[in-house]
Amino acid sequence: MILEEPKWLPINQIIDPAGSLRVLELPFEAKRTYFIQNVPKGSQRGFHAHRSLRQIFFAPQGRFEIELITCKSKKSFLLNSNDQRALIVPPGYWRVISSFSKDATCMVLASEHYMESDYIRSFDDYVSWCKENFRNES
Ligand code: TYD
């Protein structure tokens, strides 16, 4: 398998005197959505990877950071409600979500219903799995 690159997805804005409307045209079907709020200052979330789940992250309000880690590399992405973009996270990335602003909402669209067996929650297990499964990462 090849590990796909994360990609930015534009959020289109339609502003008129009665308010602003924001649109994401989804590149895959979402079966689940969830959002994270009230993250205490300095707290970090994530610390897992998904075997098959595809997700889109965005900040309807505030800001936060997502670090995507593989067995070979690390990339950081800033999600800010002022930037009109969302992040598509393909399956296979270890993620750490941090630097939440006080007012942040982390909104997530997910390709599948919740399934704990799709998670890899130990970093050592993740590194072994990543090296075994992704030709471009070993
Ligand atoms: P988790 O995905 O580990 O959260 P984060 O990546 O934000 O740190 O989920 C935290 C807990 O919530 C975990 O016990 C699983 C549960 N959960 C559900 O029951 N359904 C869901 O859709 C999600 C995302 C999590």
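**Group meeting: two sheets, a core and a ligand shell**

Let me start with Asn38, which has 10 C-beta neighbours inside 10 Å and therefore counts as exposed. The cut-offs, with C-beta atoms placed from the backbone, are these: buried is 20 or more other C-beta atoms within 10 Å of a residue's own, exposed is 12 or fewer, and partly exposed is in between. Asn38 has a positive phi of about 60 degrees, although it is not a glycine. Asn38 is found in the loop between β4 and β5; strands here are DSSP runs of E, at least two residues, and helices are runs of H or I, at least four, all numbered from the N terminus.

Some housekeeping. This is a predicted model: local features need pLDDT of at least 70, side-chain atom pairs count only at pLDDT 80 or more, and totals for chains, interfaces and linings use all residues. Residues are numbered from 1 along each chain as its sequence is written.

A second case is Ser99, in the loop between β10 and β11. Its phi is near 55 degrees, again positive in a residue other than glycine. Ser99 has 18 C-beta neighbours inside 10 Å, so Ser99 counts as partly exposed.

Now the sheets. One open sheet of 5 strands has the order β1-β9-β6-β11-β4, with antiparallel pairing; two strands pair if DSSP finds at least two bridges between them. Its edge strands are β1 (7-10) and β4, each pairing on one side only. β1 and β9 are joined by 4 bridges, and Leu9 has Ala86 as its bridge partner in β9.

Another open sheet of 5 strands runs β8-β7-β10-β5-β12, also with antiparallel pairing. β8 (74-80) and β12 (119-120) are at the edges with a single partner strand each, so one side of each has no neighbour in the sheet. Between β7 and β10 there are 5 bridges, and Ile66 stands opposite Ile97 in β10.

Next, the core. The largest nonpolar core, meaning buried Ala, Val, Leu, Ile, Met, Phe, Trp, Tyr and Cys residues joined through C-beta atoms within 7 Å, has 25 residues. Phe57, Phe58, Phe64 and Cys106 have the most contacts inside it. At least two residues each come from β6 (55-61), β7 (63-69), β9 (85-89), β10 (94-98), β11 (105-110) and α1 (123-133). Leaving out residues up to four places away in sequence, Phe57 touches Ile66, Leu79, Ala86, Leu87, Val89, Cys106 and Val108.

Last, the ligand. What surrounds it? The residues are Arg32, Tyr34, Ile36, Arg45, Gly46, His48 and Tyr114, with C-beta atoms, placed from the backbone, within 6 Å. β4 (32-36) and β5 (45-50) are the elements giving two or more residues to that shell.

Key
Two residues are in contact if their C-beta atoms, placed from the backbone, lie within 7 Å.
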